[in-house]
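Colleague: I have a model open and want to go through it at the level of single residues. Can we take it one question at a time?

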Amino acid sequence: MLPADDADALDWLAFEQAGVLTTAQVSGLLSEGKVRGRIRSGRWRSVCRGILLTGNGRLTRDQQLWVAVLAAGPEAVLAGMTAAAEGGVRGLRREPLHVLVPADRRAARTTLRRLPIDMPAVLVHRTSVLPESHRQLAPSTAYHDGQSACGRGGLGGRRG
């Protein structure tokens, strides 16, 4: 549901990212105590280290995609079959999720190994070349604080 015109930054960010946020994104908007309180009360869910869900149900496909790129870290984007499937190509396997990160860094392996049961496996690929012209932006592009970058569509869609 679209947030009200007078909604705060947290509501809009949660809307743009299907309810999936990093603790870094939330830290500037809510106190640590308020975040813990929302998790304890069951209003929010801690998906894995550093990733929160502003709800408590099973992850939807959009939420799984956001978790994959946010857990993979800065400049991560969807890649390969996952990006193609989200871009509209039919007949491709939906799992595992493929994510691309810059070659000069590794994805957060510990976080990616400790994903919840309602999350498909995530395969991380590294590249030294991903020209800006190869990134495809989703129609409702979500820009955020740069703490993590997300990709949707093409080789990299929504990004931060």
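Colleague: Where do W12 and F15 sit, and what separates them?

Modeller: First, note that this is a predicted model. W12 and F15 are both in helix 1 and stand three residues apart, so the gap between them is about one helical turn.

Colleague: What kind of aromatic pair do W12 and F15 form?

Modeller: The ring centres of W12 and F15 are 5.9 Å apart. Planes over 60 degrees apart count as edge-to-face. Here the planes of W12 and F15 stand at 90°, so by that cut-off the pair is edge-to-face.

Colleague: How many aromatic pairs does a search of the whole structure find?

Modeller: W12 and F15 make up an aromatic pair. The search covered the whole structure, and the count is one.

Colleague: Is W12 buried, partly exposed or exposed?

Modeller: Buried means under 20% relative accessible area, and exposed means over 50%. W12 has 27% relative accessibility. Its partner F15 has 39% and is partly exposed. W12 likewise counts as partly exposed.

Colleague: Now the sheet. In what order do the three strands lie?

Modeller: The sheet is open and its pairing is antiparallel. Strand 1 (20–22) and strand 2 (45–48) are at the edges, each with a single partner strand, so one side of each has no neighbour in the sheet. Neighbouring strands are turned by 35° against each other on average, direction ignored. The order is 1-3-2.

Colleague: Which residue stands opposite R45 in strand 3?

Modeller: Strand 2 and strand 3 (residues 51–53) run antiparallel and are joined by three bridges. In strand 3, the residue opposite R45 is L53.

Colleague: Which residue forms a salt bridge with R45?

Modeller: The closest N and O atoms of the pair are 2.8 Å apart. R45 is in strand 2 and its partner is in the loop between helix 6 (109–113) and strand 6 (122–127), so the bridge ties together parts 73 residues apart in sequence. Both residues are buried. The partner is D118.

Colleague: Which residue does R61 pair with in a salt bridge?

Modeller: R61 is in helix 4 and its partner in helix 5, so the pair links parts 25 residues apart in sequence. R61 counts as buried at 16% relative accessibility. The partner has a relative accessible area of 23% and is partly exposed. The closest N and O atoms are 3.2 Å apart, and the partner is E86.

Colleague: In which helix do E32 and R36 both lie?

Modeller: Their side chains meet in a salt bridge at 2.8 Å, N to O. E32 is exposed at 58% relative accessibility, while R36 is partly exposed at 41%. The two are four residues apart, about one turn, in helix 3.

Colleague: How many salt bridges does the count come to?

Modeller: Among them are E32 with R36 and D118 with R45. R61 with E86 is another. The count comes to three.

Colleague: Which helix gives the most to the largest nonpolar core?

Modeller: That core has 24 residues, and I51, V67, M119 and V122 have the most contacts inside it. Strand 2, strand 3, helix 4 and strand 5 each supply at least two residues. The top contributor, with eight residues, is helix 4.

Colleague: Which residues does V67 touch, leaving out those up to four places away in sequence?

Modeller: V67 is among the residues with the most contacts inside the largest core. Its contacts are V20, V47, I51, L59, L115 and M119.

Colleague: How many residues are in the second, separate core?

Modeller: V26, V35, W44 and L52 are included in it. The size of this second core is nine residues.

Colleague: What is phi of A18?

Modeller: A18 is in the loop between helix 1 and strand 1. At 24% relative accessibility it counts as partly exposed. Phi is positive although the residue is not glycine, and its value is near 55°.

Colleague: Where does E75 lie?

Modeller: E75 is not a glycine, yet its phi is positive, about 65°. It is partly exposed, at 49% relative accessible area. Its place is the loop between helix 4 (61–72) and strand 4 (77–78).

Colleague: Is the peptide bond from E95 to P96 cis or trans?

Modeller: P96 is in the loop between helix 5 (80–86) and strand 5 (97–102). Omega from E95 to P96 is near -5°, and the bond is cis.

Terms used
Residues are numbered from 1 along each chain as its sequence is written. This is a predicted model: local features need pLDDT of at least 70, side-chain atom pairs count only at pLDDT 80 or more; totals for chains, interfaces and linings use all residues. Side-chain values use heavy atoms; hydrogens and water are left out. Two strands pair if DSSP finds at least two bridges between them. Axes are lines fitted to C-alpha atoms, for helices over the stretch in contact, and angles run from 0 to 180 degrees between N-to-C directions. Buried means under 20% relative accessible area, exposed over 50%, partly exposed in between (1.4 Å probe, protein chains only). A nonpolar core is a set of buried Ala, Val, Leu, Ile, Met, Phe, Trp, Tyr and Cys residues joined through side-chain atoms within 4.5 Å. Contact means heavy atoms within 4.5 Å. Rings of Phe, Tyr and Trp (its six-membered ring) pair if their centres lie within 6.5 Å; planes under 30 degrees apart count as stacked, over 60 as edge-to-face and the rest as tilted. A salt bridge is a side-chain nitrogen of Lys or Arg within 4 Å of a carboxyl oxygen of Asp or Glu.
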